[in-house]
Amino acid sequence: SKDSKNIETLLDEELMRELEKESYHTAQLLRKLLKDPNATGINITKKIYAFAQMVGEEFTLGIVCSVIPEILEKNIDNIAKDLKLMDDLNVSELNGMKFYEIEEGNDVIFGWKGNDFILLANTEHTATRNLLEKYFSRTEYESIVNNQTFKEFEKSSKFFNAMLSSNCIKEIDDRQFQQTINDLEDYSGIVINDNWGFFYYDVQKDRISVSATLKFNETIQNMDYRKIQRNYNKILRLMDSYTRNGRCQNNDDYYSY
C-alpha cells in the first residue's frame, strides 16, 4: 500500500541519516548506487573475475575487474577521510600502477593500472607491491584468458561461474604427499593434471539454474583398466601407507587436501 511504502521510505531515510553521521560520503555513494550501479568506480556491468592460487603453503586470492579510476580514487579518499583511515592506507604509484597498501600485515593490497583493477589477499603476508606488479605485468600469453580451456569455459558463462582445476594438487608443498601422487600416477597410468570442472549458475526472475561440466584429460579418457586391475593391491597399499603415516588421521597435525 501507499502508506507502507511511505513508512519504508521513512525508515530508509532514517538509516541513511544515521549513516551520514558516521560517513557522509558513504551515505551519498549508496544513494548514487540506486541510480547508477557503477557509481563506486567499479564497473559491475562488465565481467568480474576472481581466482585462487596455491603455491606451497602460500594461498593467494585475487579479484580482477574493470574500473573508472578517477571515480574510484575519489570515493576511496572521501570515505577513508570520513572514517579516519588515511593513516592506515599507504598510497603509492609505480610504473603507471596506483595502489593502496594496508599498513599492517601485508595481507591485502589493491590497485589499478589504466582501467584494470586487482585486489590481492595472501596468507603468507606477501600481498605487496611486488606481487601486485607481477600480476599487472603478465603478458597475454601468460594470462589464463589465453588458455583454450578457459576460453571454452567463458564462452558458456552465465550469471555466476566457477572453474576448478586439478593442477592445484601438484602445488601442495608436501614431499610425502607428492610422492604418493607420483606413485598413484605410475600404478594407474592416470595423470592428475589438466582435469577441469566448470560450474554455471544462471539467475532468472523465476528460477535459478545450476549446471556442471567435468572435462578429463586423455589419460582418463583412455584409461587402462587392466593396468589398474594389475596394480590394484599396490594402489590399496599405497593409500593405506599414506593413511597410516597420519596424514589422513584425526590428529593435531591433520589438514585436509
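How many salt bridges does the structure hold? The structure holds 7 salt bridges, and we will visit some of them together. Keep in mind along the way that this is a predicted model. As a bit of background, side chains of opposite charge can pair when their charged atoms come close.

Let us start in helix α1, which covers residues 2-22. Here the side chains of Lys-21 and Glu-18 form a salt bridge, with 3.3 Å from N to O. Both residues belong to α1 and sit 3 residues apart, which is about one turn of the helix. Are the two partners buried or exposed? Lys-21 counts as exposed because its relative accessibility is 64%, and exposed means over 50%. Glu-18 has a relative accessible area of 39%, so this residue is partly exposed.

Helix α1 takes part in another pairing too. The side chain of Glu-20 meets that of Arg-31 in a salt bridge, at 2.7 Å from N to O. Glu-20 lies in α1 while Arg-31 lies in helix α2 (residues 24-33), so this pair ties together parts that are 11 residues apart in sequence. Arg-31 counts as partly exposed, at 25% relative accessibility. Glu-20 also counts as partly exposed, at 25% relative accessibility.

Now follow the chain further along to Glu-152, whose side chain meets that of Lys-215 in a salt bridge of 2.8 Å, N to O. This pair links distant parts of the chain: Glu-152 is in helix α5 and Lys-215 is in strand β9 (residues 208-215), 63 residues apart. Glu-152 is partly exposed, with a relative accessible area of 38%. Lys-215 is partly exposed as well, with a relative accessible area of 30%.

From paired side chains we can turn to empty space. Rolling a probe the size of a water molecule over the atoms shows where empty space is left. The largest pocket has a volume of about 2000 Å³. Its lining is made of 46 residues, and those nearest the centre are Tyr-49, Ala-50, Phe-51, Ile-144 and Phe-150. Which element gives the most to this lining? That is β1, with 7 residues. The elements that each supply at least two residues are β1 (49-55), β2 (58-66), β6 (116-122), α4 (129-136), α5 (148-155) and β7 (160-165). By class, the lining of the largest pocket divides into 27 nonpolar, 10 polar and 9 charged residues.

The second largest pocket has a volume of about 210 Å³. It is lined by 11 residues, of which Ile-42, Leu-72, Ile-76, Phe-110 and Phe-117 lie nearest its centre. Helix α3 (69-82) and strand β6 each supply at least two residues of this lining, and the largest share, 4 residues, comes from α3. In this second lining, 9 residues are nonpolar, 2 are polar and none are charged. Strand β6 is also among the elements that supply at least two residues to the lining of the largest pocket.

Our last stop is the cysteines. How many disulfides does the count come to? The count comes to 0 disulfides. Take two cysteines as examples: Cys-65 counts as buried, at 7% relative accessibility, because buried means under 20%. Cys-168, on the other hand, is partly exposed, with a relative accessible area of 45%.

Technical notes
Residues are numbered from 1 along each chain as its sequence is written. This is a predicted model: local features need pLDDT of at least 70, side-chain atom pairs count only at pLDDT 80 or more; totals for chains, interfaces and linings use all residues. Side-chain values use heavy atoms; hydrogens and water are left out. On a 1 Å grid over the protein atoms alone, a cavity is a set of points where a 1.4 Å probe fits but cannot get out, and a pocket is an open set with protein on both sides within 12 Å along at least five of seven lines; lining residues have an atom within 4 Å of a point. Grid points are joined across faces, edges and corners, and a volume is the space filled by probe spheres set on the points. Ala, Val, Leu, Ile, Met, Phe, Trp, Tyr, Cys and Pro count as nonpolar, Asp, Glu, Lys and Arg as charged, and the others, Gly among them, as polar. A disulfide is a pair of cysteine sulfur atoms within 2.5 Å. Buried means under 20% relative accessible area, exposed over 50%, partly exposed in between (1.4 Å probe, protein chains only). A salt bridge is a side-chain nitrogen of Lys or Arg within 4 Å of a carboxyl oxygen of Asp or Glu.
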